[in-house]
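User: I'm new to reading protein models and would like to go through one with you. Could we take it a question at a time?

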Amino acid sequence: MYVVPKDLVPENTHPLNLLRLDSDAEARDYRPTRPPLFEVYMRMAEELAKRSTCRRLSVGTVITDPMLQNVVAIGYNGNVRGFPNDCDSPTPGACGCIHSEMNALVKAPGALEGKVAFVTASPCVMCAKLMIQARISHLYYRAPYRDSAGLEILGRGGVVAVRYDRWLDAWREPAGSGEGDPDTRAIR
């Protein structure tokens, strides 16, 4: 029995990503034929980031249940409900925006253990601590934040953090084509 990650991302140890194959040849030749569900949720987070009102960094978050069947919360960074859709201050790190992760976590069901988060940037220290407290089991992020301390906190708290950029350019429509065919050049 050979176990390979369905999405070809070895760091992704989520139980739903493990594929059992009978032979070494099957394992070597395996390639996904459609976007992995992890990539689908990451792209949802990217779309949410487009709603951000922060001038410095647009971030989106999707939180799912442990089985990746239900989106339980979404968020993006910006000001609080009812305030102007703008930063309070131009100072980086003190703009007054609520972080994307915080925005999603306040909406997520607290009692649900093993939630999975998809975020366009790795979290700051405070967001990492909130994720641990909110029972997030896995975090997938597209790009690293300027400070990696949040990732270190997640590791100490038992959260599996995976930089998820393997399929960034695959299965995207070429500009102006209108075609939905996967971009197989990205599948190696």
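Analyst: Sure, and let's start with a rule: a charge sits over a ring if NZ of Lys or CZ of Arg is within 6 Å of the ring centre and within 35 degrees of the ring normal. Keep in mind that this is a predicted model.

User: Okay, which residue lies over the face of Trp167?

Analyst: The cut-off for the distance is within 6 Å of the ring centre. Here the value is 4.2 Å from the centre of the Trp167 ring, and the residue lying over its face is Arg166.

User: Now for rings that meet other rings. How tilted are the planes of Phe38 and Phe118, in degrees?

Analyst: Ring centres have to lie within 6.5 Å to pair, and the count for this model comes to seven aromatic pairs. In the pair of Phe38 and Phe118, the centres are 6.4 Å apart and the pair is tilted, with an angle between the planes of 45°.

User: How many residues apart in sequence are the parts that this pair of Phe38 and Phe118 ties together?

Analyst: Phe38 lies in helix H2, which covers residues 37–49. Phe118 lies in strand E5, residues 115–121, so the pair ties together parts whose separation in sequence is 80 residues.

User: Is Phe118 buried or exposed?

Analyst: Buried means under 20% relative accessible area. Phe38 passes at 3%. For Phe118 the relative accessible area is 0%, so Phe118 is buried.

User: What kind of pair do the rings of Tyr41 and Phe118 make?

Analyst: Planes under 30 degrees apart count as stacked and those over 60 as edge-to-face. The ring centres of Tyr41 and Phe118 are 5.2 Å apart and their planes are at 35°, so this pair is tilted.

User: Which residues do the ring pairs link into a cluster?

Analyst: We've already met Tyr41 in helix H2 and Phe118 in strand E5, 77 residues apart, and both are buried. Ring pairs link these two into a cluster whose members are Phe38, Tyr41, Phe118, Tyr140 and Tyr164.

User: What about charged side chains? How far apart are N and O in the salt bridge of Glu39 and Arg142?

Analyst: Side chains of opposite charge can pair when their charged atoms come close. A salt bridge needs the nitrogen and the oxygen within 4 Å, and by that rule there are eight in this model. For Glu39 and Arg142, the N to O distance is 2.7 Å.

User: And how many residues apart are Glu39 and Arg142?

Analyst: Glu39 is in helix H2, and Arg142 is in strand E6, residues 136–143. Both residues are buried. Their salt bridge links distant parts of the chain, with a separation of 103 residues.

User: Which residues are linked in the network of salt bridges?

Analyst: Glu46 forms a salt bridge with Arg172, the closest N and O atoms being 3.1 Å apart. Glu46 lies in helix H2 and Arg172 in the segment after E7, so parts 126 residues apart in sequence are tied together. Along with these two, the network includes the Glu39 and Arg142 we just saw, and its full list is Glu39, Arg43, Glu46, Arg142 and Arg172.

User: Arg55 forms a salt bridge with Asp86. Is Arg55 buried or exposed?

Analyst: The closest N and O atoms of that bridge are 3.0 Å apart. Asp86 counts as partly exposed, at 33% relative accessibility. The cut-off for exposed is over 50%, and at 52% relative accessible area Arg55 is exposed.

User: Let's look at the surface. What gives the most to the nonpolar patch?

Analyst: The patch covers about 350 Å² and is made by Leu37, Val40, Met44, Val71 and Ile74. H2 and strand E4 (71–76) each supply at least two of its residues. With three residues, the one giving the most is H2.

User: Last one: which residue after strand E7 has a positive phi although it is not a glycine?

Analyst: Leu8 has a positive phi near 65°, but its place is in the loop between strands E1 and E2. The segment after strand E7 (160–163) holds another candidate. With a phi of about 60°, that residue is Trp171.

Definitions and conventions. Residues numbered from 1 in each chain as written. Predicted model: local features only at pLDDT ≥ 70, side-chain atom pairs only at ≥ 80, totals over all residues. Heavy atoms only, no water. Phe/Tyr/Trp six-rings, centres within 6.5 Å; stacked < 30°, edge-to-face > 60°. Helix = DSSP H or I, 4+ residues; strand = E, 2+ residues; numbered from the N terminus. Buried < 20%, exposed > 50% of the residue type's maximum accessible area, 1.4 Å probe, protein only. Patch = residues over 30% accessible without salt bridge, like charges linked within 9 Å, V, L, I, M, F, W, Y side chains within 5 Å. Areas by Shrake-Rupley, 256 points an atom, 1.4 Å probe, with all protein chains shown as cover.
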